[in-house]
Every structure is written in C-alpha cells, then in structure tokens.
Amino acid sequence: MESSLEKMVDPTLAEMGKNLNEAMKMLEDPERKMEEENENKYARKDIPGPLQGSGQDMVSILQLVQNLMHEEEEEESSQSYRVQNVGEQGHMALLGHSLAAYISVLNRERLRKLTTRILSDTTLWLCRLFRYENGSAYYHEDDREGLLKVCRLVIHSCYEDYTVEGFNVLYNKQPVIYISFAARTGLGQTLCNQLGLPLSCLCRVPCNTMFGSQHQMDVALLDRLIKDDIESGKLPLLLVANAGTPGAGHTDKLGRLKELCEQYNMWLHVEGVNLATLALGYVSSSVLAATKCDSMTLTLGSWLGLPAVPAVTLYRHEDPSLSLAAGLTSSQPVEKLRALPLWLSLQYLGHDGIVERIKHASQLSQRLLENLKNMDFIKTSVEDEFSSPVVVFKFSPELPNIDQIQHAGSASIIQHPITSNERQICDTFNQWLGEQLGQLVPASGVDVVELEDEGTCVRFSPLMTSAVLGTEVQDVDQLVDCLKMKIPILICTLQLREEFEQEVKRTVGLSYIEDFSWPGLGVVRYEYKSDGKNDDKQEKEVEKINTGLLKKLNELESDLSFSLGPEFGGEKNCVYIGMVTEDLDVSELVETIAATGREIEENSRLLENMTEVVRKGIQEAQVQLQKANEERLLEEGLLRQIPVVGSVLNWFSPFHASPKGRTFNLTAGSLESTEHTYVSKAQGTETTPPPTPTPIKQRLPGQKLFKRSLRSSDGFSETSSVSHIDDLEKMEQRSHSVSTVQEQGTVETEKAEQQNDLAQETNEATEDLQSDKSQKLENDCTKVEEQENLR
C-alpha cells in the first residue's frame, strides 16, 4: 500500500494516507511503550493542564490520545475489543473524514464537481443495493434527523402557505403524526419538540392484541383513528412504520399500511434493522414492501461495521425546491462531503462484500434460532421461524414439558396461569441469564430487552453487532452451550425457592425477606433478640451480626455465593443467596445459617457481658485495695509511718504482714483472695463442664458443604446399598464418639489455659494497683517528714 501511495500524483494525499496508517497502528497498539511514558510525562493525563507554548509533535499528541483510549482497558474490555475489530474498511471511513477536511480547501468549482460526483455515486449505489428506485438521499449524523427533515418536507407539501405564515397555518388544521407503540422510546416527543408542534399532534397507535404479532401495528385500529382525526378537523400527515421493531425485530404490515396511506394521502416512512435484508437475494414479502414507501432510514455503520459513517434517508419527491426548504438538500458543497466516508467504504467493500456481511449476520441468527427450537424451557418471540434477523428468547418455566425434570416433587415449576409475582421472578431470572450470556460470550453481542407483553427477554441481533464484534459461527455455538448449562441452574433455583422459604420460616431466629428482584435462592436475615435496647442500637446489632454471618458463610467451602445484595434498591442487613444446583441440601443450609448466626450473637453477648463484669471487678478491686491499705496502716501503727522513727522501729522490730492480693475469676465474675496462690506457689484452676458437642455430618471425600449425595444405583443391588449405608452409619458413630472424646479433652485444655491467662492478667493488674497505692502512701509519708523537719 505504501508503494501505491508513493505513486500518487498529489503528494499531499500520499502523505495523508501514510500518516493515517501510522496513526492507526499507534492507536491500535495498547502495548506500545514510548520514552515519554517512562519519564511519566503523562502521569496526570486525566487532569487538564495548560497549553504548552512551544507546541508538540504529532507522535507525542498521538501517544497522549493512545494513553487516554487505553487508560481503563481492563474495565472496558468490550470497548477495546471494538477498537481491535475496526479493520481496513474502518480505516477507509476514517480516511474519508481526513479527505473531507482536505477537499474543503479546494477552489469552489473543483469542490462543486467533486462533491456532486461523490453524492450522485453514493446515492445511486444505495438505491440499487436496497431496491429503492428513483430515490434521493440525505446523509445525517443523528439517525433521527432524516425523519425530522422528512416531516418538514411533508409539512411544506401539505401546507402551501407554511413558508409565509408559519404556525398560523397549522393552527387552523392541526397536523397528526402516527407512531407505533413499539417505536423507539422518545422518538415522537423528539419530533414534536424539533418541529415546534404540541404533543397533541402525536398519535401513538397500539399494536395487535387478538390476531397477528403483538409487536405489529394494529391496522384496523389505525384506520379508525385516522377517520376520527379527519372528522375532528385534523390533517393526517405522516405514518412511521417499522421494518424490525427496536425491541423484538418484528415488521409491520407495510403493504396494508401503504394502501392506507395512499387512501388518506399520507406519507409513509419506514425504519428498522430488517431493511438491511433488502440487499440479499431472497427477501421476505413483508420487508420487500418497504421499497414502495415514501422514505426509509438506513444505518449502514452498524450493519457493515463502519465507524463514523453517516446514516442515510432515502426518499422520493418531485419538487427540489421543497426539499431544499426542508433541509434535505443543500447548496453548500461542504455539507455534501458528509457522504465521502461512506463513498470510500462502499467502494472498498464492493457489492459482494456488502451482501456477504449482511448474509453472514442473517445466517448467525438463523443458526441460533434452529438450536433454540430444540431446547426445553426456552420460548422464542420471532416473526418468521424460517428467517428472522433478530432472535428474541427467554427462559419460560410455564412450558408444558415439565415431566422430564428431576426432583419435580419438591417444588413444582409454574404450571398454572402465571401471576404478577411469578412473572417478576421470571423477569429477574431472564435478566440474570442475559447478563451471564453476555459475560461468557462477549463476541455474541446479546443484550437484555424489556418487552411489554413478554417481559424481560434476551435479544440476539447480529445485524447490529456482528460486524463490529466479529461474531462467528463458533460464537453462536458457544452461546448455545452456555445456555444449556444455565437452564438447569435456573430450573433448580426456581424449584428450591419455595422450599427455602418454608425452611427459613420454620427456623427460629431467621426471617425470610421477599425480594422478587433478586436472581437467586432467596434472602434471609438473622434477627437479633432484643433485650429492651433502643431501635438504633438494635439495628446496629442486627447489622453487625448479619455482616459477620455473611463473612462466615463466605469462608465456608461451598459452591454457593453469598452477598449483601444489589448495590441499590436491596434490603439492608440481609444475606442474599445466589443461584443453586439440584444437589443442594436446603435444610442443612438453613441450619448452618441459623447456627452460625446464634454463635455470632452469643459471642457478641458474651463479650458485652464480660466487658461489664471486668469493669465492675476492677472497681471492686480498687475499693478492696483501698480498704486493705487502711487496715495495714492500722496494724503497723502511727509510729511506723513517721519517716525516721518508722525506719528505726522497723529495724529493731520488723513488721511481718501476710500479702493480701486479689484474683478475678472470669467464670464466676467475682474477686477472690490470693492467699492460696502464695501458699501453694501455684494458681489454682477450676474446670468447667465441657459444652455438649454438636453432631458433625460426615461427608464423602471431595464433597462440599450443602451438597446432597445424588442417588446412583447402577451396578449395585438394594441390599448392598442398604448394607453400605449401615456401614457408613457405624463408621460415622465410631468417628463421632472418638471425635467427641477428643473435642472434650481439647475444650477442657483450652478452657483451663484461658482461665489461667485471664486470672494471671487480673492478678498482675491487681498487684500493679496495690503497688501504686503503696508508692502513693510512701510519697505522702515523705512529705509529712519534710514538713516536720521544716518545723
């Protein structure tokens, strides 16, 4: 390519292409290291700084752009994936923007000829490619701008004096724009705001409720609405139809709608992703009817994976002056250069390349649809089972093939007419399913969509994503495999939710929290037993216990996920349990949660009580030490307190007093004398009876917590299995008895060591207090002696 660039006559164009290639190589290489990066030149690149006076070279500026692009690459993996799949056709689109800036400086006559050629070529190619004969094209950045210009054109056509009198003409005969309920959110309001029309000029047409697709516009009801508007003195102006609704990808009955528009002299505008299939050899009759409409909007950027190319609105109109007044055409040559990136990209891809990309996307959706037909508990919402560019599906537990499920007797799958709560649960599960599939297979481009009748669904629209993400057939197969893995998890979790709720309600100390928006087994809270505390303190205790409970549960060796729930909108001070499998032992899980919560609560109460007991014990020790010091003064006499006399008296007649200390018994919560300690030269310990050991459930090697042993009778008779169970029970009893004796001995040893340590600490504290009192008394006696000497 570089050799061909060198052969160019215009050296500026050659230099432009070369610089673009170098710039794209630099920007698409996230591992490129520059000397400026080593010098931490852009250490604070996220903070705007002053403009450098000397300026920077192109390499430094591109390096700054590259650093900003890949600054959070790990968090935005999908964004980096899109950048890596721009491809050469994307480079052509980017080159078009550079060329447009260069061409705009040409002299006016050259610019006019060049822009006219670019505009006419692109319009001709698109009209032939999408079977739209004798059409004109308007290129725009915002995909809604084309419809807005078309509305202006229709207003100019229907109101002859609109150019002169403006809104006064509209006041006498109010225009009406008809939009389907399945149209893009906010489209009608945007049109009214940009056109300066009141919202009363907008009429939203409901979709079918009895016959046909629930995402198609109700033609009979539309006919009645138009007649009512005409009788009330309004003017039906324009109808916006869909060839692929934004949600489900269904196509309106365009043939009947066109007949209705011709009957009432209305303009028919069509938009939607299914318009891309007009470029294929075989086109469904419903989409083919779009070629007879008055205008259509094409979004080629997403269909072909072209970055920064404009959307195109093809239309038919005979009066060029009205098109100019509406803004569909422009006399400024620079505005015609909007088509330049698309002109370059279409030439690079060619007719076969464009058709191949659209055909590849249609084949991907068809492959997924064929796999979904054979899957249980998956309900699809497609317009045509044989050819649908958009595939919408959902996990539907109310389907009739429920007898094939294992453990169907525990908690039955929904077989009755679904209620509002059950629908909300299904929507939550489908939301989780869509998010999981998007994370596991990011190249598939699946997303979650909210539909009015079906609820939350998963959507696969390769026409909008495959060209950018590079979706291939193996990605669809991987998506199907992941879906097959997630369906049993959804079924088992839905089965065990009711059992989990009943177990929690039967367990003392636990409360079941109803949260239909949580995709998992359920939500539980350990309730703190109040003892007359105020609400604030009780709430803090509940928060403390449940936080500790969550930490303990996460430390267990299990396959379950425990969390605090969603960041926004969830219940406080609860434990949220995620998705589960069929081998979950619900009763063991609930018992473990309750036992762990009680242990944390008892430890909290013990610590609180111990703190109070130690505080009272210290106060009592101080009082007794004060009394002991006073008694010692009385026993020694007044003469022994005089500094000089006391020393002489103690020399001739020493005073022998038995040391009186105190030890603090944490078990009894009382102070005791240390005479026995000084006599025996050892600190006595009182043993407490060991707690009653709780039985420990024996597990097979490698078996994790909360797992139920699955039945497997292959190759074993009933007698052998019973004897094997008996042997396991005997081994469990033996190991339990041995472990009980070992635990008792261990508990006794630990209790004795703890009591020794606590008693020793208390004795040391008591002796410190006693020595402090004695030191203070000697200081007082010294002061008395000094005063006597002064006298």
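How many disulfides does a search of the whole structure find? The search finds zero disulfides, and it is worth keeping in mind from the start that the model on screen is a predicted one.

**The whole chain**

Begin with the full chain in cartoon view, where the secondary structure comes to 26 helices and 17 strands. The chain has 791 residues, of which 41% count as buried. Among contacts between residues at least 6 apart in sequence, 70% join residues at least 24 apart.

**Two cysteines**

Next select Cys261, which is in no disulfide, and then Cys293, whose sulfur is the nearest cysteine sulfur to it at 9.9 Å. Because its relative accessible area is 2%, Cys261 counts as buried. Move on to Cys426, where the relative accessible area is 5%, so this residue is buried too.

**Helices H8 and H11**

Now select residues 145-158, which form helix H8, together with residues 187-195, which form helix H11; the two pack with their axes 10 Å apart and at an angle of about 55 degrees. That angle makes H8 oblique to H11. If you show side chains, the contact is made on the H8 side by Leu147, Leu148, Cys151 and Arg152, and on the H11 side by Leu187, Leu191, Gln194 and Leu195. Sorted by class, the contact of H8 with H11 has six nonpolar residues, one polar and one charged. The crossing in which H8 passes H11 is right-handed.

**Helices H19 and H21**

Turn then to helix H19, residues 420-440, and helix H21, residues 473-506, whose axes come within 10 Å and cross at roughly 150 degrees. Why is H19 described as roughly antiparallel to H21? Their crossing angle is roughly 150 degrees, and angles over 145 degrees count as roughly antiparallel, so the description applies to this pair. H19 passes H21 in a right-handed crossing. To see where they meet, show the side chains of H19 residues including Phe429, Trp432 and Leu433, and of H21 residues including Cys482, Lys486, Ile489 and Arg497. By class, this contact of H19 with H21 has 12 nonpolar, three polar and two charged residues.

**A loop residue**

Finish at Asn573, which lies in the loop between strand E14, residues 562-563, and strand E15, residues 575-577. Is this loop residue, Asn573, buried or exposed? Its relative accessibility is 18%, and because buried means under 20%, Asn573 counts as buried. Leaving aside residues up to four places away in sequence, Asn573 touches Arg525, Glu539, Val542, Glu543 and Asn546, which can be selected together with it as a last view.

Methods:
Residues are numbered from 1 along each chain as its sequence is written. This is a predicted model: local features need pLDDT of at least 70, side-chain atom pairs count only at pLDDT 80 or more; totals for chains, interfaces and linings use all residues. Side-chain values use heavy atoms; hydrogens and water are left out. A disulfide is a pair of cysteine sulfur atoms within 2.5 Å. Buried means under 20% relative accessible area, exposed over 50%, partly exposed in between (1.4 Å probe, protein chains only). Axes are lines fitted to C-alpha atoms, for helices over the stretch in contact, and angles run from 0 to 180 degrees between N-to-C directions. Helices (H or I, at least four residues) and strands (E, at least two) are DSSP runs, numbered from the N terminus. Angles under 35 degrees count as roughly parallel, over 145 as roughly antiparallel, 65 to 115 as roughly perpendicular and the rest as oblique. A crossing is left-handed if the near helix is turned anticlockwise from the far one by less than a right angle, and right-handed if clockwise. Contact means heavy atoms within 4.5 Å. Ala, Val, Leu, Ile, Met, Phe, Trp, Tyr, Cys and Pro count as nonpolar, Asp, Glu, Lys and Arg as charged, and the others, Gly among them, as polar.
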